[in-house]
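Biologist: Please take one part of this structure and describe it closely. I should like a connected account of its surroundings rather than a list.

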Amino acid sequence: RRVHGFDGGKLQKRFAMWAEERRVLARVARTERLLVYAGFVYKQGAKRKSWKRRLFVLTPQELSYSNLDAEPAKQLKGVLAVTSVLHANPVTDEGLCERIEDKTFSPPESVFEVVTAERTFLCVTNSSLERQSW
């Protein structure tokens, strides 16, 4: 229901997503012994340039990302050895950040990239503070 430009249904969906994220992150924290950081990140696909919400889990050895909407056997989508990451930086290209904001509903200052020799991962978090945590 909309009241003066306010979409309560959209906000309710966002709160439901945050509640789900908190439950999943609590479960990850209990199961990962050497957890450095975990959180939900929008990641752009390598071949299809669509944006997908993934659970990223960082340990001292690796960065993994999973699709929790898939069946359990297909949830893990990728694993990067931490030693293969050349650098991870904020993205400051304003045009790119604006296009990403239209797709993911995240602020432009929440965009970052993870660069390896094989690929550059373009990622968006829910906030600039969360981006800094990564």
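Modeller: A residue is called buried when its relative accessible area is under 20%. This is a predicted model, and the part chosen here is strand 9 (120-124) with its surroundings. Strand 9 is mostly covered, since four of its five residues are buried.

The pairing of the strand comes next. Strand 8 (111-116) and strand 9 run antiparallel and are joined by five bridges. The two strands form a hairpin, with three residues between them. Within this pairing, V114 has F121 of strand 9 as its bridge partner. Strand 9 also pairs with strand 3 (residues 37-44), again in the antiparallel sense, through two bridges. On that side, K43 stands opposite C123 of strand 9.

Several of these residues recur in the largest nonpolar core, which has ten residues. Among them are V114, F121 and C123, together with V41, F56 and F112. Strand 8 and strand 9 each supply at least two residues of this core, as do strand 4 (51-58) and strand 5 (62-66). The core residue V41 touches F56, F112 and C123, and its contacts further along the chain than four places also include V124, T125 and W134.

S110 lies in the loop between helix 2 (94-104) and strand 8. The relative accessible area of S110 is 0%, under the 20% limit, and S110 is therefore buried. A polar atom of the S110 side chain lies 3.1 Å from the backbone oxygen of T125. Beyond four places in sequence, S110 is in contact with C123, V124 and T125, and also with S127, S128 and R131. C123, V124 and T125 thus appear among the contacts of S110 and also among those of V41.

V115, in turn, has its place in strand 8. V115 counts as buried because its relative accessibility is 12%. Its contacts outside the four nearest places in sequence include T120, and the others are S84, V85, L86 and H87. The C-alpha atoms of V115 and V85 are 5.9 Å apart, although 30 residues separate the two in sequence.

In a regular strand the side chains alternate between the two faces of the sheet. With that in mind, the neighbours V114 and V115 may be read together: V114 is listed in the largest nonpolar core, whereas V115 is in contact with residues including S84 and H87.

Note on methods: Residues are numbered from 1 along each chain as its sequence is written. This is a predicted model: local features need pLDDT of at least 70, side-chain atom pairs count only at pLDDT 80 or more; totals for chains, interfaces and linings use all residues. Side-chain values use heavy atoms; hydrogens and water are left out. A nonpolar core is a set of buried Ala, Val, Leu, Ile, Met, Phe, Trp, Tyr and Cys residues joined through side-chain atoms within 4.5 Å. Buried means under 20% relative accessible area, exposed over 50%, partly exposed in between (1.4 Å probe, protein chains only). Contact means heavy atoms within 4.5 Å. A polar contact is a pair of N or O atoms within 3.5 Å; within protein, one must be able to donate a hydrogen and the other to accept it, and residues adjacent in sequence count only if both atoms are side-chain atoms. Two strands pair if DSSP finds at least two bridges between them.
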